[in-house]
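Me: Please take a close look at a single part of this structure, a pocket of your choosing, and describe it carefully. Set it in the context of the chains that form it, and then move outward to the other parts worth inspecting.

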Amino acid sequence: MIRALVLTCVLALAAAAPAQAGIISAGDAAELAQALADAQDEQDVCYGWNVRNNFAPTPDVGSSTGGPGAVPITGLPSCRKGYVVLEGSIDYACGSCEADDSAQVSIDSDLPNPPTVSDLADLGLKAGDLTGDKDDTTLVNMVEALPLLVADRGNAPYVAYEQAKAVPAADHATNKPGSDTLRDTWVWLVLCGALILGGPGFYLYKRAQMPTAHRPDPPPPPTPAT
Amino acid sequence: MSRHAILAIALAGAGVLGLIFTLSSHSSVREDIAKSYRKVGTEPPPSGDGKGRKRTQIYASNKSVTKTASEIADKHKPADRRAAESGVFLRYEDDVVAVVPPPAGSKGSRIFVDDEEGGYHRNFLFVGGFWGTYSGPAGSFRGGGPGTGK
């Protein structure tokens with residue numbers, strides 16, 4: 001009860017604070033910490049994230065026990081089954097440098113069968129995406145997937161799925177995705193297209209290479225009527 | 001007919017046949033899930049029945065949530081995906097696939113296949129703001145949808 005009150009106060013302060021310096025906004029970090037706190041209540045496992053970067057004075061840090069900005073937990077008594085922390089670093093190369101942007105992640109945990117970075121990759125969450133356009137979404141997904149992976153590996157029960165009961169009438173899906181067929185088969189479609197165009201192209205190329213003497217005689221010009 | 005002409009026709013023919021085979025053999029994620037998993041029920045879409053709406057299909061898988069989700073995503077690459085504490089959500093052109101834990105006492109996972117609107121409503125607590133508008137507590141736009149950058 002006391003922990004819930006403290007966390008509520010921390011979340012309220014975080015929501016009122018100016019935007020966090022990392023890649024996740026203050027509001028998103030507060031919601032992420034709340035989701036992890038809810039998972040901790042159901043699983044008795046503490047969660048956190050600590051992702052350093054070379055472009056802001058402070059890293060992306062937060063936990064289920066202390067909210068956003070709090071140093072991740074390691075071995076607190078309230079984490080009865082253990083803890084899981086996503087750690088990582090994001091390095092943006094300077095504009096004039098030849099090196100590419102890079103990112104690494106790892107998982108620190110004292111659980112007997114902890115989730116791995118490979119588990120995240122199986123969900124389509126790769127460290128390299130932390131340097132992309134959707135870096136914030138990728139980090140939120142990585143951290144929020146930890147309770148799911150912990151349950152998948154038998155360390156704790158699943159966090160119960162809850163269907164939304166009431167959705168504001170104004171809220172709806174946007175940015176309709178493109179064709180599923182094209183997304184699934186574009187490689188084959190490009191290959192087939194190349195063959196279809198390549199056949200006639202090959203013939204015309206070979207024909208152009210033929211010596212003039214071997215080409216069929218052009219039709220004679222029409223004789224003007226006298 | 002010259003040797004080059006025959007080869008050119010063979011190449012173009014292979015391309016046409018490949019194109020026909022690729023397009024005719026491609027099935028939707030909805031069809032593939034129906035073939036691969038055990039159906040356990042259907043229900044009206046969460047945001048209400050209406051013209052053009054599809055009923056929600058519910059399936060059961062013997063595999064865990066993440067294994068089932070990656071199995072589906074490997075066969076049909078989603079336009080967007082969301083991993084959360086109690087499920088994996090895959091977004092397609094017209095469908096939303098939610099792979100979530102099984103009912104208490106069961107093993108494996110459950111799969112909900114909704115149309116776009118139904119999936120957004122059912123999974124609003126997880127995809128709200130990521131795949132569309134969101135007027136929840138944070139009030140901010142959270143991430144981008146397919147084709148959007150920062």
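Reply: Accessible areas here come from the Shrake-Rupley method with a 1.4 Å probe, and for residues only the protein chains shown count as cover. The model is a predicted one, and in it the accessible surface of chain B comes to about 6900 Å², with 57% of that area belonging to carbon and sulfur atoms. Chain A exposes about 12000 Å², and carbon and sulfur atoms supply 61% of this area.

The part I would examine is the second largest pocket, which has a volume of about 390 Å³. Its lining is made by 16 residues, and those that lie nearest its centre are A:Gly124, A:Asp129, A:Lys134, B:Asp80 and B:Arg81. Two elements each supply at least two residues of this lining, namely α4 of chain A and β3 (80-84) of chain B. The largest share of the lining, 4 residues, comes from α4(A).

That helix deserves attention in its own right. Helix α4 of chain A spans residues 135-144 and is mostly covered, with 10 of its 10 residues buried. Its buried residues include the charged A:Asp135, A:Asp136 and A:Glu144, together with A:Leu139, A:Val140, A:Met142 and A:Val143. For chain A as a whole, 40% of the 226 residues count as buried.

The two chains that contribute to the pocket can be set side by side. Chain A has 6 helices and 5 strands, which follow the pattern α-α-β-β-β-β-β-α-α-α-α when read along the sequence. Chain B has 5 helices and 6 strands, and its pattern along the sequence is α-α-β-β-α-β-β-β-β-α-α. Of the 150 residues of chain B, 52% count as buried. Among contacts with a separation of 6 or more, residues 24 or more positions apart account for 58% in chain A and for 47% in chain B.

Moving outward, helix α6 of chain A (residues 180-209) holds A:Trp188, and A:Cys192 also has its place in α6. A:Trp188 has a relative accessible area of 51% and is therefore exposed, since exposed means over 50%. A:Cys192, by contrast, has a relative accessible area of 6% and so is buried, the cut-off for that class being under 20%. Not counting residues up to four places away in sequence, A:Cys192 touches B:Gly15, B:Gly18, B:Leu19 and B:Thr22. Between the C-alpha atoms of A:Cys192 and A:Pro222, which are 30 residues apart along the chain, the separation is 43 Å. A:Trp188 also belongs to a nonpolar surface patch of about 560 Å², which it makes together with A:Trp186, A:Val187, A:Val190 and A:Leu191.

There is also enclosed space to consider. A search of the whole structure finds 1 cavity of 30 Å³ or more, and about 70 Å³ of space lies in the largest cavity. The residues that line the largest cavity are B:Asp32, B:Ile33, B:Ser36, B:Tyr37, B:Glu71, B:Ile72, B:Lys75 and B:His76. Two or more residues of that lining are given by each of α2 (29-36) and α3 (65-75) of chain B.

To return to the starting point, the lining of the second largest pocket draws at least two residues each from α4 of chain A and β3 of chain B, and the residues of α4(A) are themselves buried.

Note on methods: Residues numbered from 1 in each chain as written. Chains lettered and ligands numbered in written order. Predicted model: local features only at pLDDT ≥ 70, side-chain atom pairs only at ≥ 80, totals over all residues. Heavy atoms only, no water. Patch = residues over 30% accessible without salt bridge, like charges linked within 9 Å, V, L, I, M, F, W, Y side chains within 5 Å. Salt bridge = Lys/Arg side-chain N within 4 Å of Asp/Glu carboxyl O. Buried < 20%, exposed > 50% of the residue type's maximum accessible area, 1.4 Å probe, protein only. Contact = heavy atoms within 4.5 Å. 1 Å grid on protein atoms, 1.4 Å probe; cavity = no way out; pocket = protein on both sides within 12 Å on 5 of 7 lines; lining within 4 Å. Points joined across faces, edges and corners; volume = space filled by probe spheres on them.
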